Amino acid sequence: MSLDFRILTLTFLSPLLLFATTDPSSALALAFRNADAAAVSRQMEGNLNLTILDKEGNYSKTQATMLIREFMEQHPVKTFTVQHTGSSTQGSGYGIAEMTGTDGASYRVTFVFKKSGEQQVLRELVITTTR
């Protein structure tokens with residue numbers, strides 16, 4: 001491969017790599033759309049404050065992943081749209097999403113990310129019905 005080709009490739013691919021890095025809200029939305037509880041889990045660090053319908057508590061990463069997987073299996077996603085995101089001056093982020101299940105049920109999904117080192121980690125996830 002010639003040096004010119006490598007330089008040309010890097011010149012055109014560098015901007016694409018910048019856009020390929022997703023913010024935590026987008027990564028969470030993608031995980032829900034793909035029913036990928038493991039991808040949600042990768043955004044956690046330690047315990048998670050989790051509310052799924054009538055189950056509420058502070059769960060370990062393993063327990064939370066299991067409960068999220070169970071929810072995703074019982075309520076397959078038809079649509080998942082992030083409606084609003086925001087951030088604090090301390091680096092925390094939050095969002096509100098609307099989810100529709102294949103059964104027609106509607107859910108509100110709220111989430112909070114906190115800064116841990118250089119990354120945002122999922123600290124709170126709340127899934128409630130809207131109908």
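How many bridges join strand E4 to strand E5, and in which sense do the two strands run? Keep that in mind while you open the model, which is a predicted one, and take the stops below in order.

**The whole chain.** Begin with the protein chain as a cartoon, where you can find four helices and six strands. If you follow the elements from the N terminus on, they run α-α-α-β-β-α-β-β-β-β. Of the 131 residues in the chain, 31% are buried, and its accessible surface comes to about 8,100 Å², with 55% of that belonging to carbon and sulfur atoms.

**The sheet.** Next, select the six strands, which form an open sheet with mixed pairing in the order E2-E1-E6-E5-E4-E3. Strand E2 (55-59) and strand E3 (77-87) stand at the edges with a single partner strand each, so one side of each is left without a neighbour in the sheet. When you rotate the view, note that neighbouring strands of this sheet are turned by 20° against each other on average, direction ignored.

**Strands E4 and E5.** Now select residues 93-101, which are strand E4, together with residues 106-116, which are strand E5; these strands run antiparallel and are joined by eight bridges. One place to look is Gly-93, which stands opposite Phe-113 in E5.

**The helices on the sheet.** Add residues 24-33, which make up helix H2, and you will see this helix packing on the sheet, where it touches E3, E4, E5 and strand E6 (119-129). The direction of H2 makes about 165° with that of E3. Then add residues 61-74, helix H4, which lies across strand E1 (44-52), E2, E4, E5 and E6, and runs at about 40° to E1.

**Strands E3 and E4.** Return to the sheet and select E3 with E4, a pair that is antiparallel and has nine bridges. Within this pair, His-84 has Ile-96 in E4 as its bridge partner. The two strands form a hairpin with five residues between them, and in this hairpin Gly-91 takes a positive phi near 95°.

**Ser-106.** For the last stop, select Ser-106, which lies in strand E5. Is this residue buried or exposed? Its relative accessible area is 9%, and buried means under 20%, so Ser-106 counts as buried. Finally, select Thr-79 as well: although Ser-106 and Thr-79 are 27 residues apart along the chain, their C-alpha atoms are separated by 9.5 Å.

Terms used. Residues numbered from 1 in each chain as written. Predicted model: local features only at pLDDT ≥ 70, side-chain atom pairs only at ≥ 80, totals over all residues. Heavy atoms only, no water. Pairing = 2+ DSSP bridges. Axes fitted to C-alpha atoms, helices over the stretch in contact; angles between N-to-C directions. Contact = heavy atoms within 4.5 Å. Buried < 20%, exposed > 50% of the residue type's maximum accessible area, 1.4 Å probe, protein only. Areas by Shrake-Rupley, 256 points an atom, 1.4 Å probe, with all protein chains shown as cover.
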